[in-house]
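Student: I should like to take a close look at one part of this structure, with attention to its side-chain contacts and the strands around it. Please treat it in one connected account.

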Amino acid sequence: MRKLTEFERYVIEQKGTERPFSGEYHIHDAKGVYHCKRCDQPLYLSEHKFNAHCGWPAFDDEIAGAVNRYPDADGQRTEIVCSGCDAHLGHVFTGERLTEKNLRHCVNSVSMTFKAIDNIDDAATSTQMATFGAGCFWCIEAIFGQLKGVVNVQSGYSGGSEADANYKAVCRGDTGHAEVVHIEFDPKVIGFDELLAVFWQSHDPTTLNRQGNDVGPQYRSVVFIHNSSQSDLVNQQIEEMTRARVWADPIVTQVVAFERFYPAESYHDDYFAQNGEQPYCQMVVKPKVDKVKKLFAEKLK
């Protein structure tokens, strides 16, 4: 996560608004991709951008799965946030007939960064997102972070509400969240199917709400899918593994639509790397990391 300035925190975390006609990208026509300022998730392609003469950058489309919509606190507008980290972007409007898509994402420049790209056709697939729950996120963050093509891995929570998205509450086991890792990956280097192969090998998908001594629904096996192709692939693999009886017991992995990701507290970041000598890391995390290193040696960074 990028460290934010005071004004960036005001807009991104406190849902503020920059002054019209003042933002860096209000008038900006370079080819490339607009990313979330806080977590660097790709949000919009330059081909989505148009001049709405409103004082803020305007887009009539988004990269699939990049933006979530919620009723605004004012009871009238629709707020848009980054699906990766919940950063406030701005608001979305329809009915204005400004483009053929009849859609205007009105976004604060300060909520974004821009990355130029020579071939705009490559922009939509420059990086993609995957979200997995496979027990304690200390384990799976350490596992996926070592793979070539994985750009970023963030521990956090999905499946519950914002109000309870904190470690103390989630550990109660009654918030609906799962401990997950939110993975940004380059599909030109590693595919979603390859990430799934590591996912299946990194935990036991047949134990309901449990991984070893970690017990509770927050430790459930789950794939939060970002698009239909991910859904098709996960369900296809579950069917094939079930027919092949890869495991003696039924697979209980949930396959549910991704809605929101809540980053975990900063002390969870790179936990295994920072605390590798602790007993839990030695007894639980390290064996899983070593197993994946052995099975997928050719995919390691």
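Student: How many aromatic pairs does a search of the whole structure find? Please start there and go on to the surroundings of Phe132.

Tutor: The model is a predicted one. A search of the whole structure finds 14 aromatic pairs. In one of them, Phe132 and Phe144, the ring centres lie 5.4 Å apart and the planes make an angle of 35°, so the pair counts as tilted. This pair links distant parts of the chain, since Phe132 belongs to strand β10 (residues 128-134) and Phe144 to helix α2 (residues 137-144), with their positions 12 residues apart in sequence. Both Phe132 and Phe144 are buried.

The strand that carries Phe132 is itself mostly covered, as 6 of the 7 residues of β10 are buried. Strand β10 has pairing partners that include β12 and β15. With β12 (residues 178-185) it pairs in the antiparallel sense over 5 bridges. Within that pairing, Ala130 stands opposite Ile183, and Met129 has Glu184 as its bridge partner. With β15 (residues 221-225), β10 is joined by 4 bridges, and these two strands also run antiparallel. Here Phe132 stands opposite Val223. In general, strands of a sheet pair through backbone hydrogen bonds, either parallel or antiparallel.

These pairings belong to an open sheet of 6 strands, in the order β16-β15-β10-β12-β11-β17, with mixed pairing. The edges of this sheet are β16 and β17, each of which pairs on one side only.

The contacts of Phe132 extend the picture. Leaving aside residues up to four places away in sequence, Phe132 touches Ile140, Phe144, Glu179, Val180, Val181, Ile183, Phe192, Leu195, Leu196, Phe199, Val222 and Val223. Phe132 is also a member of the largest nonpolar core, which has 42 residues; Phe132, Phe144, Ile183 and Leu195 are the members that touch the most other members. At least two residues of this core come from each of β10, α2, β11 (150-158), β12, α4 (192-201), β15, α5 (228-243) and α7 (279-295). Helix α2, where Phe144 lies, supplies the largest share of the core, 7 residues. A second, separate core has 23 residues, including Leu45, Ala66, Ala87 and Val92. As a general background, nonpolar side chains in soluble globular proteins tend to be buried together.

Elsewhere, the aromatic residues Tyr25, Tyr34, Tyr44, Phe59 and Phe114 form one cluster. Another ring, that of Tyr70, has Arg260 over its face, at 4.1 Å from the ring centre. Arg260 also forms a salt bridge with Asp86, in which the closest N and O atoms are 2.4 Å apart. Asp86 lies in the loop between β6 (78-82) and β7 (88-94), and Arg260 in the loop between β16 (254-257) and β17 (262-263), so the salt bridge ties together parts that are 174 residues apart in sequence. Both partners, Asp86 and Arg260, are buried. For Asp86 the relative accessible area is 11%, and a residue counts as buried under 20%. Not counting residues up to four places away in sequence, Asp86 touches Arg38, Val81, Glu162, Arg260, Phe261 and Tyr262.

The structure holds 15 salt bridges. Another of these joins the side chains of Lys37 and Glu8, at 3.1 Å from N to O. Lys37 lies in the loop between β1 (32-36) and β2 (42-45), while Glu8 is in helix α1 (residues 6-12), so this bridge ties together parts that are 29 residues apart in sequence. Lys37 counts as buried because its relative accessibility is 10%, and Glu8 is likewise buried, with a relative accessible area of 8%.

The salt bridge between Asp174 and Arg172 has a setting of another kind. Their side chains meet at 3.1 Å, N to O. Asp174 counts as exposed at 54% relative accessibility, and Arg172 counts as exposed at 52%. Finally, Asp72, Asp74 and Arg77 are joined into one network by salt bridges that share partners.

How values were computed. Residues numbered from 1 in each chain as written. Predicted model: local features only at pLDDT ≥ 70, side-chain atom pairs only at ≥ 80, totals over all residues. Heavy atoms only, no water. Phe/Tyr/Trp six-rings, centres within 6.5 Å; stacked < 30°, edge-to-face > 60°. Buried < 20%, exposed > 50% of the residue type's maximum accessible area, 1.4 Å probe, protein only. Lys NZ or Arg CZ within 6 Å of the ring centre and 35° of its normal. Salt bridge = Lys/Arg side-chain N within 4 Å of Asp/Glu carboxyl O. Contact = heavy atoms within 4.5 Å. Pairing = 2+ DSSP bridges. Core = buried A, V, L, I, M, F, W, Y, C linked by side-chain atoms within 4.5 Å.
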